[in-house]
Structures are given as structure tokens and as C-alpha cells.
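This report describes how two chains are arranged against each other, beginning with a sheet and ending with individual residues. Please keep the structure in view while reading.

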2 protein chains.
Amino acid sequence: MSKVPDSSCSIARSLGVLGERWTFLILREAFGGLTRFAEFRDSLGIAPDVLADRLATLVRYGVMERATYQEPGSRSRSAYALTPAGRELNVVLAALQQWGDLHLPWPEGPSILRRVRDGDRPVHVGFVDDGGKEIAPADVAMIRTAAYPGQRT
Amino acid sequence: MSKVPDSSCSIARSLGVLGERWTFLILREAFGGLTRFAEFRDSLGIAPDVLADRLATLVRYGVMERATYQEPGSRSRSAYALTPAGRELNVVLAALQQWGDLHLPWPEGPSILRRVRDGDRPVHVGFVDDGGKEIAPADVAMIRTAAYPGQRT
DNA sequence: CCAGCTGAGTTGGTTTTGCCAACCTAGCTC
DNA sequence: GAGCTAGGTTGGCAAAACCAACTCAGCTGG
């Protein structure tokens with residue numbers, strides 16, 4: 001039943017939760033402010049059974065939260081909202097977007113830009129050290145720990 | 001035949017190339033230094049037809065390159081290596097890893113750490129402005145351009 | 001010079017997953 | 001109490017993934 005593989009690799013575990021078809025697009029819409037089942041379904045054109053499955057997975061692993069809310073004069077409904085953990089995926093989505101903008105460009109240019117909130121200096125995703133300064137990818141070293149597996153996944 | 005959707009959203013286009021099952025794990029192994037078909041197949045346990053399909057997609061969109069090489073005293077073979085565009089996915093993989101380390105932790109701790117190359121100060125993935133200074137996610141604004149779609153994808 | 005080995009796939013059949021349309025259910029409105 | 005709507009579930013079909021077996025080309029050993 002668990003979708004998270006029993007792997008010491010955190011990339012593989014993340015993909016167990018996030019790597020199915022539609023999941024990143026659902027998250028993109030969630031960052032865009034959508035919360036209701038029918039909104040996701042209509043905006044993405046996704047089959048309702050697949051959407052129900054993906055939302056259940058995201059809720060189960062703490063990426064989204066189902067809240068029952070009640071508008072006055074209406075029955076109670078469920079809304080799906082990003083948790084703090086889900087909101088941290090912002091940087092993953094932004095990294096994918098940045099790569100696509102650069103390497104799979106669209107004739108009309110990017111449809112969404114990221115800017116510093118006040119002023120509009122451009123923002124990109126990159127490696128940062130503990131002092132808040134950017135580090136070039138070439139200066140980032142990958143170090144295997146004792147938990148590194150012998151083989152598989 | 002094209003796997004890249006005809007979408008103005010660069011996240012959707014990136015996922016068209018990268019979002020199929022196994023693709024990110026293949027890239028992870030490529031960053032780990034694997035280059036040969038049988039290495040990927042044996043290390044991931046992936047079916048050879050699926051591996052052939054994913055590698056062809058990555059080559060087609062400029063993420064990896066197939067090079068024919070010849071070891072002395074052996075026939076010519078193909079090797080798959082990341083292109084510069086592929087190497088830029090480093091930050092996407094690192095962002096996924098960082099999220100998994102934090103939100104789907106493994107009892108034995110992370111199996112791979114990222115550090116600044118000389119010294120071992122920790123490195124993380126985050127938003128950076130054009131001056132190389134980190135920006136808090138809350139201070140990053142998303143701005144829709146004229147290319148933003150009316151509906152769908 | 002022919003049998004066997006190895007890397008890099010391809011092919012065929014089965015199982016899983018996704019897709020589509022139709023249906024269900026609870027509570028509200030009329 | 002009939003119909004509307006949001007939020008799903010169910011069932012049949014199509015596409016994708018999985019597995020095992022096979023191919024193919026060039027070396028290597030006998």
C-alpha cells in the first residue's frame with residue numbers, strides 16, 4: 001500500500017510520493033490557489049479517479065491537507081490545501097520551471113516569472129551556503145555517508 | 001511522437017521530458033557516474049525496453065548524449081552522458097533530495113550530503129537574487145505574463 | 001573457423017495503470 | 001419531494017510497464 005519505496009535514497013522516496021503522473025501539475029495548481037476537487041479536475045482535465053488517488057497520496061504523506069469547510073447557506077465541502085511541507089516544494093517546482101524556460105523555450109516566452117517581492121529584481125533557484133551566499137554548482141561536492149547503499153534503488 | 005506537451009507552462013514541458021517513471025532515477029545514476037546501458041539496467045532493475053525508451057527521450061531533448069566509444073581490444077559501444085543542459089538538472093535532483101531528507105526521513109539518516117567543495121560547510125537549494133544573495137520563499141513573487149493561458153494544462 | 005560470450009538492445013505476452021463515461025450520495029433549494 | 005451540485009466511486013477499454021526470451025554484432029578461446 002505504501003507508495004514510498006524502502007530506499008535509503010531520499011530522491012527515490014520523494015518520487016514515491018510526488019513522481020506519479022499528474023502529481024506535480026496538481027501541486028502547480030495548488031500553488032496557484034486552487035483548493036477544490038472540481039477546480040483541479042476542470043483546470044487539468046484529469047480523470048476524477050486519478051485525481052482522487054493523487055490527492056489521497058498527497059494527504060497521506062503530509063503534502064496537502066483536507067479541510068472540511070462550510071460556506072453559509074451551503075453544505076459542508078472538502079478543500080485541499082498545501083501544508084508547510086507542501087509549500088516547501090515551491091523550490092522544486094521553480095527549479096523545473098527554470099529548466100524548462102531555458103531548455104524547452106516557448107515562442108511567446110515564459111508564462112510565469114519569479115521576482116523579489118518589492119522591486120522586481122529577478123530570482124532564480126540555486127545552491128546556497130549557510131551564510132546565504134550562492135555557490136556555483138561546480139563548487140558543490142556530493143559526499144556519501146555510511147547510509148549509502150551497496151546496490152539498488 | 002513528441003512527449004513535450006504543447007503548453008505555455010514550462011513546468012508541464014519539463015515534465016513531458018522528465019516526468020515519466022524512472023527518468024529521474026536514471027538521471028540520479030547518471031550524476032553518480034554511470035554511462036552504460038547495462039549499468040543503468042542492473043543498478044535500477046529497470047526493464048530494458050523501458051530503459052531504451054527513456055534514454056532515447058533524454059537524448060532527443062538534449063539532456064543526455066549518446067557517444068560511441070571504443071575500448072582497445074573490444075568492439076565499439078555506446079555510452080550515455082549528461083549534456084550541459086542535463087547537468088543543470090543537478091539543482092532539481094538536489095531539491096527533491098532535500099525535501100525527502102526533511103519530510104520522508106530515513107532511520108539511518110541521509111545517504112548523500114552536499115557540501116561546499118573546500119571546507120565542509122553545508123549547502124542547500126534555495127531562491128537567489130541576481131546579486132547572489134538568498135531570498136526567503138515568502139519574498140518571492142510569482143508574476144503572470146501575457147503568455148499566461150486562459151485555461152488548461 | 002566455429003562456438004561461445006558480452007553489451008546493447010528488440011520482441012511478444014501478461015499485468016498494471018490510466019482514461020472515459022456513467023453512476024452514486026448528501027445536503028441544499030425550490 | 002424533485003432537482004441541483006460538489007465530490008467522489010465504479011466498470012469497461014486502451015496504453016504503458018513488466019518479464020522473459022530472443023537477436024545481433026564483434027571479439028575470444030579452442
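Across which strands does α6(A) lie, and at about what angle does it run to β4(A)?

## Helices across the sheet

In this predicted model, α6(A) lies across β4 of chain A together with β4 of chain B, and its direction is at about 120° to β4(A). Helix α6(B) also packs on the sheet, where it touches β4 of chain A together with β4 of chain B, and its direction makes about 120° with that of β4(B).

## The sheet shared by the chains

The sheet is open and has four strands, in the order β5(A)-β4(A)-β4(B)-β5(B), with antiparallel pairing. At its edges stand β5 of chain A, residues 134–135, and β5 of chain B; each has a single partner strand, so one side of each is left without a neighbour in the sheet. Strands of a sheet pair through backbone hydrogen bonds, in either a parallel or an antiparallel manner.

Between the chains, β4 of chain A, residues 123–129, is joined to β4(B) by seven bridges, and the two strands run antiparallel. One of the residues that can be followed here is A:Phe127, whose bridge partner in β4(B) is B:Val125. Within chain A, two bridges join β4(A) to β5(A), again with an antiparallel run, and A:Val128 has A:Glu134 of β5(A) as its bridge partner.

## The interface as a whole

Contacts between the chains involve 68 residues of chain B and 68 residues of chain A. On the side of chain B that touches chain A, at least two residues each come from α1 (10–18), α2 (23–31), α6 (90–103), β3 (112–116), β4 (123–129), β5 (134–135) and β6 (140–144) of chain B. Of these elements, α6(B) gives the most to that side, with 11 residues. Sorted by class, the side of chain B that touches chain A comprises 36 nonpolar, 16 polar and 16 charged residues.

## A helix crossing between the chains

Helix α6 of chain A, residues 90–103, packs with α1(B) at an angle of about 85°, and the axes of the two helices are 7 Å apart. Because angles of 65 to 115 degrees count as roughly perpendicular, α6(A) is roughly perpendicular to α1(B). From α6(A), the contact is made by A:Leu93, A:Leu96, A:Gln97, A:Trp99, A:Gly100 and A:Asp101, while α1(B) contributes B:Ser10, B:Ile11, B:Arg13, B:Ser14 and B:Leu15. By class, this contact has five nonpolar, four polar and two charged residues.

## A buried valine in helix α1 of chain B

B:Val17 has its place in helix α1 of chain B, and this residue is buried, with 21 other C-beta atoms within 10 Å. Leaving aside residues up to four places away in sequence, B:Val17 touches A:Leu104 of the partner chain as well as B:Lys3, B:Val4, B:Thr57, B:Tyr61 and B:Val63. The C-alpha atom of B:Val17 is separated by 9.1 Å from that of B:Pro5, although the two residues are 12 residues apart along the chain.

## Positive phi at Trp22

Most residues other than glycine have a negative phi. A:Trp22, which is not a glycine, nevertheless has a positive phi of about 85°, and A:Trp22 is found in the loop between α1 (10–18) and α2 (23–31) of chain A. With 17 C-beta neighbours inside 10 Å, A:Trp22 counts as partly exposed.

In chain B, the phi of B:Trp22 is positive and near 85°, and B:Trp22 sits in the loop between α1 and α2 of chain B. B:Trp22 is partly exposed, with 17 other C-beta atoms within 10 Å.

Conventions:
Residues are numbered from 1 along each chain as its sequence is written. Chains are lettered from A and ligands numbered from 1 in the order in which they are written. This is a predicted model: local features need pLDDT of at least 70, side-chain atom pairs count only at pLDDT 80 or more; totals for chains, interfaces and linings use all residues. Two residues are in contact if their C-beta atoms, placed from the backbone, lie within 7 Å. Ala, Val, Leu, Ile, Met, Phe, Trp, Tyr, Cys and Pro count as nonpolar, Asp, Glu, Lys and Arg as charged, and the others, Gly among them, as polar. Two strands pair if DSSP finds at least two bridges between them. Axes are lines fitted to C-alpha atoms, for helices over the stretch in contact, and angles run from 0 to 180 degrees between N-to-C directions. Angles under 35 degrees count as roughly parallel, over 145 as roughly antiparallel, 65 to 115 as roughly perpendicular and the rest as oblique. A residue is buried if 20 or more other C-beta atoms lie within 10 Å of its own, exposed if 12 or fewer, and partly exposed in between; C-beta atoms are placed from the backbone.
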